[in-house]
Amino acid sequence: VLHGLYIEPLSVKSRGWSPNDLWVRDDIIQGDDVLSQIYQSIRTDSDFQTVIAEKQTALETLDSMIEDMTGAVPLSKDYALAQRSLNTLIYERSLVETLSHYLVGMMHYYRWQDSGGQDAQERVLASQELKRWQDSWTTYTTTVASLPGVATPYRDAGMVKSVAAALKQLQ
C-alpha cells in the first residue's frame with residue numbers, strides 16, 4: 001500500500017496527514033484536478049524518478065506475494081479461503097498496476113506540456129503509459145474486480161476523462 005498508493009516525495013514535502021494528496025481515497029480515483037497539483041510538487045527529475053521507482057517496488061512486492069501465495073494455495077486446509085486470499089493479492093496488483101500507469105503517464109504528460117509540446121520523448125512516454133493504463137483499467141474493472149473474495153472496485157472520479165483528454169492532445 002505504501003509504495004502503491006502514496007507518493008513519497010509529496011509526503012516528505014507536505015508533512016501532512018495525507019501522503020498522497022488524496023488522489024486515491026475511499027475507493028475513488030481522482031482526475032487531472034488533483035494530479036496536476038501533485039505534479040507541481042514533484043516535478044523535479046529526482047522526485048519523478050523516486051515516484052517511478054516506488055511504483056515499480058510496489059509491483060515487484062505484489063508479484064513476490066502472489067508467487068508465494070500461489071504455492072501455498074494447494075497446501076491450505078481451507079482451499080476456498082486460500083484462493084480468496086490469492087484473489088485479493090491479484091486484485092491489489094491489478095489496482096496498483098492501473099494506478100501506476102495512470103500516475104506515471106500523467107506525470108509524463110505534464111512534463112510534455114511544460115515543454116510546450118516540444119519534448120518528443122515525454123510525448124512518447126506519456127502515450128505509452130496512458131495506453132497501458134487503458135488495458136490495465138479494462139482488466140481491473142472487467143476481470144479482476146469480479147474474482148471471488150475481492151473488494152469492491154475503485155471508481156473513476158475524473159481519471160477516465162483526464163486520460164482521454166491527455167491522449168487526445170498527445171496525438
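This is a short tutorial dialogue on reading the helix packing and residue burial in a predicted model.

User: Let's start with the overall fold. How many helices and strands does the protein chain have, and in what order do the elements run?

Analyst: The protein chain of this predicted model has seven helices and three strands. Reading from the N terminus, the order is α-α-β-β-α-α-α-α-β-α.

User: What share of the 171 residues is buried?

Analyst: Buried residues account for 42% of the 171 in the protein chain. The accessible surface is about 9,000 Å², and carbon and sulfur atoms hold 52% of that surface.

User: And which share of the contacts joins residues at least 24 apart in sequence?

Analyst: Take the contacts in the protein chain between residues at least 6 apart in sequence: 74% of them join residues at least 24 apart.

User: Now to the helices. How are two packed helices described?

Analyst: The general idea is to give two quantities, the angle between the axes and the distance between the axes. A good case to begin with is helix α4 (residues 45-72) with helix α5 (residues 79-114), whose axes come within 9 Å and cross at roughly 165°.

User: What does that angle say about how α4 and α5 are oriented to each other?

Analyst: Angles over 145 degrees count as roughly antiparallel, so α4 and α5 are roughly antiparallel to each other. The crossing of α4 past α5 is left-handed. As for the residues in the contact of α4 with α5, 17 are nonpolar, four are polar and seven are charged.

User: Is E67 in helix α4 buried or exposed?

Analyst: The idea here is to compare the relative accessibility with a cut-off, and exposed means over 50%. E67 lies in helix α4 and counts as exposed because its relative accessibility is 60%. From E67 to L89 there are 22 residues in sequence, and their C-alpha atoms are 9.9 Å apart in space.

User: How should I read S94 in helix α5, buried or exposed?

Analyst: The cut-off for buried is under 20% relative accessible area. S94, which sits in helix α5, is buried because its relative accessible area is 9%. Setting aside neighbours within four places in sequence, the contacts of S94 are S136, Y140 and V144.

User: How do α5 and α7 cross?

Analyst: The axes of α5 and helix α7 (residues 159-170) come within 11 Å, with a crossing angle of roughly 40°. That angle makes α5 oblique to α7. α5 passes α7 in a left-handed crossing. On the α5 side the contact is made by Y102, M106, Y109, W112 and Q113, and on the α7 side by M159, S162, V163, A166, Q169 and L170. By class, these residues of α5 and α7 are eight nonpolar, three polar and no charged.

User: Where does Q113 fall on the accessibility scale?

Analyst: Q113 belongs to helix α5 and counts as partly exposed, with 35% relative accessibility. Q113 and L170 are separated by 57 residues in sequence, while the C-alpha to C-alpha distance is 9.4 Å.

User: Which residues of α6 meet α7?

Analyst: From α6 they are R123, A126, S127, L130, K131, W133, Q134 and W137, which meet M159, V160, V163, A166, L167 and L170 in α7. This contact of α6 with α7 has 10 nonpolar, two polar and two charged residues. For the geometry, the α6 and α7 axes come within 10 Å and cross at roughly 140°, and the crossing is left-handed.

User: What is E122 in contact with, and is E122 buried or exposed?

Analyst: E122 is placed in helix α6 (residues 120-142). With a relative accessible area of 9%, E122 is buried. Beyond neighbours within four places in sequence, E122 is in contact with H108, R111 and W112. W112 also takes part in the contact of α5 with α7.

User: One last residue: where is I38, and how far is I38 from M107 in space?

Analyst: I38 is in helix α3 (residues 32-41) and counts as buried, at 0% relative accessibility. I38 and M107 are 9.0 Å apart from C-alpha to C-alpha, with their places 69 residues apart in sequence numbering.

Methods: Residues are numbered from 1 along each chain as its sequence is written. This is a predicted model: local features need pLDDT of at least 70, side-chain atom pairs count only at pLDDT 80 or more; totals for chains, interfaces and linings use all residues. Side-chain values use heavy atoms; hydrogens and water are left out. Helices (H or I, at least four residues) and strands (E, at least two) are DSSP runs, numbered from the N terminus. Buried means under 20% relative accessible area, exposed over 50%, partly exposed in between (1.4 Å probe, protein chains only). Contact means heavy atoms within 4.5 Å. Accessible areas come from the Shrake-Rupley method with a 1.4 Å probe; for residues, only the protein chains shown count as cover. Axes are lines fitted to C-alpha atoms, for helices over the stretch in contact, and angles run from 0 to 180 degrees between N-to-C directions. Angles under 35 degrees count as roughly parallel, over 145 as roughly antiparallel, 65 to 115 as roughly perpendicular and the rest as oblique. A crossing is left-handed if the near helix is turned anticlockwise from the far one by less than a right angle, and right-handed if clockwise. Ala, Val, Leu, Ile, Met, Phe, Trp, Tyr, Cys and Pro count as nonpolar, Asp, Glu, Lys and Arg as charged, and the others, Gly among them, as polar.
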